[in-house]
Amino acid sequence: MKYILGFLVVLFAVFGGFAAHGGDLLVIWQPYEYIIIGGAALGSFLIANPPRVVLTVFKSLPKLLQGSKYKREDYLDLLALMYKLFTKARKEGLMGVENDIEEPENSELFQAHPRVLADHHAMEFITDYMRLIISGSMNPHELDALMDLDLETHHEEAHKPSHAVYRVADALPGFGIVAAVLGIVNTMGSIGGPIEVIGMNVAAALVGSFLGILLAYGFVGPTSAALEARAQEEGKFLQCIKACILANVQGYSPQVAVEFGRKTMEGPMRPTFLELEAHVKAA
């Protein structure tokens with residue numbers, strides 16, 4: 001909703017201000033300028049990015065309408081799951097959680113936390129590293145280094161869509177100039193004709209420059225920033241999982257291990273120590 005509201009504010013401020021100043025909004029409607037700029041931007045986007053990134057961008061755009069991917073409840077659900085997982089491992093031994101890790105979709109422990117179970121990346125991160133811990137072949141320092149490498153790879157992958165969209169935003173003013181130049185070329189062909197026709201052609205050419213700049217800084221650039229923020233949210237969620245698992249491997253109690261995870265959370269998301277303690281015990 002915030003995403004749509006921002007777009008509406010930009011449109012109202014720009015076109016409303018133009019109309020209030022006495023401008024004719026019909027002059028802004030120049031379909032050929034829109035086709036030139038939009039087509040060039042889309043074509044360059046397809047040329048510059050592999051199909052996987054292109055598909056990811058188009059799949060990610062509708063998700064921006066849903067707002068933040070993770071809310072406070074998601075973090076509380078995650079910490080409650082980690083607390084129960086570590087508690088079961090401490091009581092029954094690591095082999096006691098092996099079936100839960102191997103088949104989380106059939107595990108009552110994981111099924112009690114559908115928010116986390118529905119998150120593919122979070123589940124993959126939890127199950128992969130718990131398998132390594134169960135195998136007993138890695139010490140905490142090795143596990144920490146491997147997690148950092150994994151998170152760095154995930155970070156690069158998650159930010160590719162935002163970088164791809166940002167490059168389009170960076171190119172849009174140039175495409176606006178291309179459309180404007182073509183408009184001037186068209187105008188030069190009508191020299192000697194009625195002054196009204198020449199004026200309309202010049203206006204159409206200027207709309208090209210205007211449109212390229214507006215799309216770059218009013219829509220596509222902010223969309224790139226929104227995609228980047230969403231990728232960072234997922235990275236923070238995985239950082240929380242990492243902190244919990246490492247604390248558990250280092251021998252801390254389940255309550256203290258999830259406290260390590262709580263410390264990675266940003267202010268608005270972070271519950272107090274007592275809130276977290278009450279939540280995990282209730283779970």
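Is I101 buried or exposed, and what is its relative accessible area? In this predicted model, I101 is buried, with a relative accessible area of 0%, a value that falls under the 20% limit for a buried residue. The residue belongs to helix α6, which spans residues 98–102. When its neighbours within four places in sequence are left aside, I101 is in contact with L85, F110, T127, M130, R131 and I134. Against these contacts one may set a separation across the model: I101 and E266 are 165 residues apart along the chain, and their C-alpha atoms are separated by 28 Å.

From this single residue we can turn to the nonpolar cores. The largest nonpolar core has 40 residues, and those that touch the most other members are L78, M82, I126, I241 and I245. Two or more residues of this core are given by each of the elements α5, α7 (108–111), α9 (120–135), α10 (140–158), α12, α13 and α14 (273–282), and the largest share, 10 residues, comes from α5. The surroundings of I241 can be listed in detail, since I241 touches L78, M82, A122, F125 and I126 when residues up to four places away in sequence are not counted. Apart from this largest core lies another core, of 19 residues, among them F45, V53, L64 and L227.

F45 also takes part in a contact between two helices, which is the next stop. Two packed helices are described by the angle between their axes and the distance between the axes. For helix α3 (residues 31–48) and helix α4 (residues 51–63), the axes come within 8 Å and cross at roughly 130°. The two helices α3 and α4 are therefore oblique to each other, because an angle counts as roughly antiparallel when it is over 145 degrees and as roughly perpendicular when it lies from 65 to 115. On the α3 side the meeting residues are L42, F45 and L46, and on the α4 side they are V54, V57 and F58. Sorted by class, the contact of α3 with α4 has 6 nonpolar residues, with no polar and no charged residues.

Aromatic rings offer another route through the structure. A search of the whole structure finds 10 aromatic pairs. One of them joins Y3 and F7, a tilted pair with 4.8 Å centre to centre and 40° between the planes. Y3 and F7 are 4 residues apart in helix α1 (residues 2–20), so they are separated by about one helical turn. Their accessibilities fall into separate classes: Y3 is buried, with a relative accessible area of 18%, whereas F7 is partly exposed, with a relative accessible area of 25%. F7 also pairs with F219, and here the geometry is edge-to-face, with 4.7 Å centre to centre and 90° between the planes. This second pair links distant parts of the chain, given that F7 is in helix α1 and F219 is in helix α12 (residues 195–249), 212 residues apart. F219 counts as buried, at 11% relative accessibility. Through these ring pairs, Y3, F7 and F219 are linked into a cluster.

Several polar or charged residues complete the walk. S162 has its place in helix α11 (residues 160–188) and counts as buried at 1% relative accessibility. Not counting residues up to four places away in sequence, S162 touches S224, L227 and E228; of these, L227 is among the residues of the core of 19. Q255, which lies in helix α13 (residues 254–263), also counts as buried, at 14% relative accessibility. With residues up to four places away in sequence again not counted, Q255 touches Y83, E277, V280 and K281.

E73, by contrast with these two, is partly exposed, with a relative accessible area of 42%. E73 lies in helix α5 (residues 72–92), the helix from which the largest share of the largest nonpolar core comes. Measured in sequence terms, E73 and Q250 are 177 residues apart, while in space they are 27 Å apart, C-alpha to C-alpha.

Key:
Residues are numbered from 1 along each chain as its sequence is written. This is a predicted model: local features need pLDDT of at least 70, side-chain atom pairs count only at pLDDT 80 or more; totals for chains, interfaces and linings use all residues. Side-chain values use heavy atoms; hydrogens and water are left out. Rings of Phe, Tyr and Trp (its six-membered ring) pair if their centres lie within 6.5 Å; planes under 30 degrees apart count as stacked, over 60 as edge-to-face and the rest as tilted. Buried means under 20% relative accessible area, exposed over 50%, partly exposed in between (1.4 Å probe, protein chains only). Axes are lines fitted to C-alpha atoms, for helices over the stretch in contact, and angles run from 0 to 180 degrees between N-to-C directions. Angles under 35 degrees count as roughly parallel, over 145 as roughly antiparallel, 65 to 115 as roughly perpendicular and the rest as oblique. Contact means heavy atoms within 4.5 Å. Ala, Val, Leu, Ile, Met, Phe, Trp, Tyr, Cys and Pro count as nonpolar, Asp, Glu, Lys and Arg as charged, and the others, Gly among them, as polar. A nonpolar core is a set of buried Ala, Val, Leu, Ile, Met, Phe, Trp, Tyr and Cys residues joined through side-chain atoms within 4.5 Å.
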